Amino acid sequence: MRHVCLRYARQLTRGEAVSGFHRGTLLGVGASLLLFVVIATGLHLVVSAEQDRLEQDLRSQTERSAASVAARLESELKSDVFLANGLLAHVNAMQGHLDDSVVDGMRALYHYGRHIRNIGVAPGNRISHVYPLKGNEAV
């Protein structure tokens, strides 16, 4: 057996032809390796495409979620701003002659505004009314 292997090794190194049986075996091994490489490359491409699709889906879902949070935040902030604009219009209509209706408006704004801690009215840049009074006595 060893003699046969050495003979074929010498033939290969000298560039001599290999017998039909060994040539067929080499072609079979070569074809098998080529088929393996083609299948492995195809699987790699399929897996890469699926990973890209999943990343894109995740990115889209994150963008939708962020847009939803931004819309809710904007809605919350605008609701208090709209209430404050109503009180501002009332104070401007009073033309500096503030009465108890301003305090009533501040109280309503404080109770209906979900994110308002305190309210101050300062006609002529001088604070004249603050709501709630508790905790704001220094003003």
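Helices (DSSP runs of H or I, at least four residues) and strands (DSSP runs of E, at least two residues) are numbered from the N terminus. By that rule, the protein has three helices and two strands, and they follow the pattern α-α-α-β-β along the sequence. What you see is a predicted model, in which local features need pLDDT of at least 70, side-chain atom pairs count only at pLDDT 80 or more, and totals for chains, interfaces and linings use all residues. Residues are numbered from 1 along each chain as its sequence is written, and side-chain values use heavy atoms, with hydrogens and water left out.

Let us begin with confidence. The score called pLDDT is the predictor's confidence in each residue, from 0 to 100. Its average over the protein is 82, and 82% of the residues score at least 70. Among the elements, helix α2, which covers residues 20-93, has the highest mean pLDDT, 89, while helix α1, residues 2-14, has the lowest, 58.

Next, look at what is hidden and what is not. A residue is called buried when its relative accessible area is under 20%, exposed when it is over 50%, and partly exposed in between (1.4 Å probe, protein chains only). Of the 139 residues in the protein, 13% are buried.

Which residues make up the largest nonpolar core? A nonpolar core is a set of buried Ala, Val, Leu, Ile, Met, Phe, Trp, Tyr and Cys residues joined through side-chain atoms within 4.5 Å. Here the largest one has nine residues: L87, V91, V102, M106, L109, I116, I119, V121 and Y131. At least two of them come from each of α2, α3 (100-112) and β1 (119-121), and α3 gives the largest share, three residues. In soluble globular proteins, nonpolar side chains tend to be buried together.

Now follow helix α3 itself. Its 13 residues reach 18 Å from the first C-alpha to the last, close to the expected 18 Å; the expected span of a helix is 1.5 Å times one less than its number of residues. The buried residues of α3 are V102, M106 and L109. Seen down the axis of α3, these buried residues fall within an arc of 65°, so they line one face of the helix. That arc is taken from the directions from the helix axis to the C-beta atoms. On the other side of α3 you will find D100, H111 and Y112 exposed.

Two residues help to show how parts of the chain meet. Contact means heavy atoms within 4.5 Å. Leaving aside neighbours within four places in sequence, Y131, a member of the core, is in contact with M106, R107, Y110, H111, N118, I119 and N136. The second residue, D80, lies in helix α2 and is buried, with a relative accessible area of 11%. With neighbours within four places again left aside, D80 is in contact with L109, G113, R114, H115 and I116. Over the protein, residues 24 or more positions apart account for 30% of the contacts with a separation of 6 or more.

For a contrast with D80, find L88. L88 also has its place in helix α2, but at 46% relative accessibility it counts as partly exposed. L88 and V102 are 14 residues apart in sequence and 9.6 Å apart in space, C-alpha to C-alpha.

Finally, turn to the charged side chains. Side chains of opposite charge can pair when their charged atoms come close. A salt bridge is a side-chain nitrogen of Lys or Arg within 4 Å of a carboxyl oxygen of Asp or Glu, and the whole structure holds four salt bridges. In one of them, E74 meets K78 at 2.9 Å, N to O. These two residues are four apart in helix α2, which means about one helical turn separates them. Both are partly exposed, E74 at 42% and K78 at 41% relative accessibility. Elsewhere, E50, R53 and D57 are joined into one network by salt bridges that share partners. The closest N and O atoms of E50 and R53 are 2.6 Å apart, and the two residues lie three apart in helix α2, about one turn. R53 also forms a salt bridge with D57 (2.8 Å, N to O); D57 and R53 are four residues apart in helix α2, so about one helical turn lies between them. Each member of the network is partly exposed: E50 has a relative accessible area of 37%, R53 is at 42% and D57 is at 37%.
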